[in-house]
Amino acid sequence: MSTPSKPETRAISVDYLARVEGEGSLKVRVRDGQVEITEFGIFEPPRFYEAFLRGRAFGDAPDITARICGICPIAYQMSSVHAMESIFGVKMEGALRELRRLIYCGEWIESHVLHAFLLHLPDFLGYQSAIHMAADHRAAVEKALRLKKIGNDIVNLIGGREIHPINVKVGGFYKVPTKRQLEELVPNLEWALEAATWAVELTAGLPFPEVEADYEYVSVCHPDEYPFNEGRLVSNKGIDVPVSEWNNVFEEVHVARSNALQSKVRARGSYHVGPLARYSLNFDKLSPRVQKLAAAAGLGKTCFNPFKSIVVRCLETVHAVEEALRLIDAYREPPRPDVPFTVKAGEGHGATEAPRGMLYHRYRLDDQGYILDAQICPPTAQSQMSIEDDLRRVLEAYIDLPDDQLQWRLEHAVRNYDPCISCATHFLKVEIDRG
Amino acid sequence: MAKPKLGVFKFASCDGCQLSLLDCEDELLTVAGAVQIAFFPEASREYVVGPYDLTLVEGSITTPHDLEAIKEVRAQSKFLVTIGACATAGGIQALRNWKDVAEFTSYVYAHPDYISTLDTSTPIADHVAVDFELRGCPINKWQLVELVNALLHGRKPNIPTYSVCVECKRRGTPCVMVAQGIPCLGPVTQAGCGALCPAYNRGCYGCFGPMETPNLAALGEWWRSMGVDDRTLVNALRSFNAYAQPFREASDVYAQQA
């Protein structure tokens, strides 16, 4: 906690947080060893998605909200279609439900490997980027890139393209793949299972700072499955409600000097979403192989060290590859690509698990299906208070490091969250003022 | 010879277009070998000062800060290429251009006074000279590889400006408007996606923006004859390339009639 008083004061400045998607800023003041975060905000320009969605047709929501984030468009498409479908009383079942899980597996693999290897691993090994890292570890980077590509292959096949796929709609899909098309993915996915296992073993051997925190973990929880699209909102500190109760459990706070809306648990404060939360709340839903790999990697059934999120991302990648193989094996092409429904007025909620954490959408529609009101809570906005808490802990633990090393450690702490800053619609530039 | 310096800059956007470079899994390390990645904060902490031989700009101009920043980026760039619908047309966030931004700000934020934003979202070319543009929401990564390759060899990038219809014919996709009665923006939209949507039994939604000299009036009448109401027509034209001139002007005409 309290660091011994030091006579000198220092100033460190990080003007642009690299290897995150989007932009934000952190200003820190250090006086006589006391650390104070004076600003932690997002200077990603506001784009006003909720505002301009009003007046658009319900069917526009998956295509438009995908553009909130180029890294996890499937998450936006999934949360929006499930919110709309809850209004129309559409229940996704059978092969269509399984295809939605499969395309989500693709996004998890692609996004997790991108983050773990291209954005996060260089911090552990002291490289500026994966490209610098490749100069010394080319085979490992190439292996990771191939694994990432296999995730993208799934999204490509079902969705049409990796970024902003075009095939997801309210009620299902425009077109479903044939069994044979999906089966062509199998040999690569079998290779990916080994590669993702290698990734777990590699990252488990990294040196981790001994930093733990008493997080309130929140994720979507399903009775039988590791969560993607369906389930209740559950935390390790007592939350257990249906998705429609979102606004009774969480509130959004507009932080001064920031374009970000931060979410907090009402009357309690910060919470943490993403791989560590999912893992710690749903360990028993992971496959036996993943549970065994976790034990071998030295993890318990819960994990409270944010730096170890890289290992959990790789474990979730193994899970997603296994799940993809299972889904493809079980797939029977459905008779039609969508289910019929009748448009009606009402309010709907959707919460699904983006790679970087839970993503909530709420819409209110008129009787023609035009959007009257929209609310979107991206994962990074939800974890933002938790990130700020972590930064304070890292500052207190490492304040004696030279400026450049401290700055890097702070950036590393932010990257633990795989923050998608443009997806926090409403992210890091670090300035440390030591007087 | 020194390797050409690459800079990647971002304004208001989703990061998807610059992600396209990282999505070139098989080509990334080769490209990184051929150019010096001097500034690319999504991928690297390294910051090498300009000037840059090739600058890729993603995103649209929406804040007073960015209005100044783009001029500095231009001053540091030999060859400036805008990538994607935000940078080339203002993006989906240009929907504000028809609305009251003060109302938008108070709808989304509890403290509108903390928000610094312009009334409009505008393309990069409205503010500085642009040497080349890649369309799409998102861009096609093969067009990006072609662009980098062409510039490395000092030739013009081979990027077609004809319509999506040509790609449908080449792909062998039967016309979704004619064969299935699905309204499609393909006839007025620039190629580049590979005519993706029609191949998935849906109409093109115009994410590559207007082709050269599109006939919006003819397409609008065609849509109307298929029973599409004007509100739907206006919304279709006002999406990711809403503020591109042909789409903008046609949408204004139909909005008056709706």
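In this predicted model, the C-alpha centres of domain 1 of chain A and domain 2 of chain A lie 25 Å apart. Domain bounds come from an automatic or database domain assignment. Residues are numbered from 1 along each chain as its sequence is written, chains are lettered from A and ligands numbered from 1 in the order in which they are written. Because the model is predicted, local features need pLDDT of at least 70 and side-chain atom pairs count only at pLDDT 80 or more, while totals for chains, interfaces and linings use all residues.

The domains of both chains are listed here.

| Chain | Domain 1 | Domain 2 |
|---|---|---|
| A | residues 12-45 + 390-433 | residues 49-382 |
| B | residues 5-152 | residues 164-257 |

**Chain A overall**

Chain A holds 14 helices and 14 strands. Helices (H or I, at least four residues) and strands (E, at least two) are DSSP runs, numbered from the N terminus. The C-alpha trace spans about 75 × 50 × 35 Å along its principal axes. The radius of gyration of chain A is 21 Å, which agrees with the value near 22 Å for a compact globule of 435 residues. That radius is taken over C-alpha atoms, and the globule rule is 2.2 Å times the number of residues to the power 0.38. Of the 435 residues in chain A, 57% are buried. A residue is buried if 20 or more other C-beta atoms lie within 10 Å of its own, exposed if 12 or fewer, and partly exposed in between; C-beta atoms are placed from the backbone.

**Two helices of chain A**

Helix α4 of chain A covers residues 94-125, 32 residues in total. From first C-alpha to last it reaches 44 Å, close to the 46 Å expected at 1.5 Å a residue. The expected span is 1.5 Å times one less than the number of residues. α4(A) bends by about 30° at Leu119(A), and Pro122(A) follows within four residues. The bend is the angle between axes fitted to the seven residues ending at a residue and the seven starting there. Why is α4(A) largely enclosed by the rest of the structure? Because 25 of its 32 residues are buried. Just after α4(A), Gly126(A) takes a positive phi of about 80°.

Helix α10 (residues 275-282) of chain A is mostly covered, with 8 of its 8 residues buried. Among them are Pro275(A), Arg278(A) and Tyr279(A). The cover includes β6 (218-221), β7 (232-235), α12 (309-330), β11 (346-354) and β12 (357-365) of chain A.

**Chain B and its contacts**

In chain B, the C-alpha centres of domain 1 and domain 2 lie 25 Å apart. Their contact takes 14 residues from domain 1 of chain B and 13 residues from domain 2 of chain B. Two residues are in contact if their C-beta atoms, placed from the backbone, lie within 7 Å. On the domain 1 side, helix α4 (residues 85-89) of chain B gives the largest share, 3 residues.

Asp229(B) sits in the loop between α10 (216-225) and α11 (230-237) of chain B. Is Asp229(B) buried or exposed? Asp229(B) is exposed, with 12 other C-beta atoms within 10 Å.

How many residues does each chain bring to the contact between chain A and chain B? Chain B brings 49 residues and chain A brings 50 residues. On the chain B side, the largest share, 5 residues, comes from α1(B).
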